[in-house]
Amino acid sequence: MKFFLDTADLAEIEEAASWGALAGVTTNPTLYSRIGGKLDDFHAHIKRICDIVAPDCPVSAESVAMTRDEIVRDGRELAAIAPNVVVKIPTMVEGLAATRALADEGIPVNMTLCFTVPQAILAARAGARYISPFVGRFDDISEDGLAQLDDVVRAIGNYDFSEDTVNGEQIEIIAASIRSANHVTQAALMGADIATVPFGILKKCVQHPLTDRGLESFLKDWEKVQNA
Ligand SMILES: O=C[C@H](O)COP(=O)(O)O
């Protein structure tokens, strides 16, 4: 499983990238608004993110257009920002149609706000390169977000979508709306290709109290060695 960072915050992206294990970034309108983002700076901001991460790290930038033609126009403009931009499009009829058009032009799409197996299969057939089932938001409505993610992973794995995707590339499932390190564990165990995680959760994924305790005792014992 690969780690993507789910943020529009440049400082978080810079720090996570410096750890050496970051494989991509996902943003959404809420995350951009949270950092005080302005409409006329959006494309420049996505470019800044692309400049921080490695050139082969996909950076998802979301279209907020509601019709096929507007989404396609948005998608082309977003894709022109940098070669690693992925156009994020909500799972809806107009979004599927736009995904097909963009995929046919070789532009990769991350189909977002996906909650069910039929939505995921439709996204795949429309040519999406990435599909993002939302775990936490499904939990929020008293459903089982992890079970739903597992269903999507298994259903997509049942079929060959290579004739549907850009250049026959393999679809990757992004476990999104991740709210805990355990969500990451479970997503990895079920074989999700990617987990996109907020920076706070990524930090929690590194930490463990036994690691801290072990490190403390190793350092103390090493002091004894130095003074022996
Ligand atoms: O856009 C995708 C995010 O992973 C959504 O996460 P959230 O439900 O915590 O806002």
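Thr112 sits in strand E5, which covers residues 109-114, and the model in which we find this residue is a predicted one. With a relative accessible area of 1%, Thr112 counts as buried, because a residue is called buried when that value is under 20%. What does Thr112 touch, once its neighbours within four places in sequence are left aside? Its contacts are Glu62, Lys88, Ile89, Pro90, Thr91, Ser132 and Phe134, so that a reader who selects Thr112 in the viewer can look for each of these residues around it.

From this strand we can turn to a helix, and to another buried residue. Ala103 belongs to helix H5, which is made of residues 93-104, and its relative accessible area of 7% places Ala103 among the buried residues, again because the limit for that word is under 20%. Apart from neighbours within four places in sequence, Ala103 is in contact with Ala126, Gly127 and Val166. Ala103 can also be compared in position with Asn167: the two residues are 64 places apart along the chain, and their C-alpha atoms are separated by 8.8 Å.

Asn167 itself deserves a closer look. It is found in the loop between helix H8 and strand E7, the latter being residues 172-175. Is Asn167 buried or exposed? Its relative accessible area is 73%, and Asn167 is therefore exposed, since that term applies to values over 50%. The backbone of Asn167 has a phi near 50°, which is a positive value in a residue other than glycine.

Ser142 can be described in a similar order. This residue lies in the loop between helix H7, residues 136-140, and helix H8, residues 145-157. Ser142 has a positive phi of about 65°, although it is not a glycine, and with a relative accessible area of 70% Ser142 is exposed.

The next step is to see how strands are joined to one another, beginning with strand E1, which holds residues 2-6. E1 pairs in the parallel sense with strand E8, residues 194-197, over four bridges, and within this pairing Lys2 has Ile194 of E8 as its bridge partner. E1 also pairs in the parallel sense with strand E2, residues 22-26, and this pairing too runs over four bridges. Here Leu5 has Val25 of E2 as its bridge partner. In a regular strand, side chains alternate between the two faces of the sheet.

With these details in place, we can step back to the whole protein chain, which contains 11 helices and eight strands. Its radius of gyration is 19 Å, close to the 17 Å that the globule rule gives for 228 residues, and the chain is therefore as compact as a globular protein of that length. Along its principal axes, the C-alpha trace spans about 75 × 40 × 35 Å. Of the 228 residues, 46% are buried. If we consider contacts between residues at least 6 apart in sequence, 58% of them join residues that are at least 24 apart.

Finally, we can consider the surface and the charges. The protein chain exposes about 11600 Å², of which carbon and sulfur atoms supply 53%. There are 20 positive and 33 negative side chains in the protein chain, and the centres of these two sets lie 3 Å apart.

Conventions
Residues numbered from 1 in each chain as written. Predicted model: local features only at pLDDT ≥ 70, side-chain atom pairs only at ≥ 80, totals over all residues. Heavy atoms only, no water. Helix = DSSP H or I, 4+ residues; strand = E, 2+ residues; numbered from the N terminus. Rg over C-alpha atoms; globule rule 2.2 N^0.38 Å. Buried < 20%, exposed > 50% of the residue type's maximum accessible area, 1.4 Å probe, protein only. Contact = heavy atoms within 4.5 Å. Areas by Shrake-Rupley, 256 points an atom, 1.4 Å probe, with all protein chains shown as cover. Lys, Arg positive; Asp, Glu negative; His and termini not counted. Charge placed at Lys NZ, Arg CZ, Asp CG, Glu CD. Pairing = 2+ DSSP bridges.
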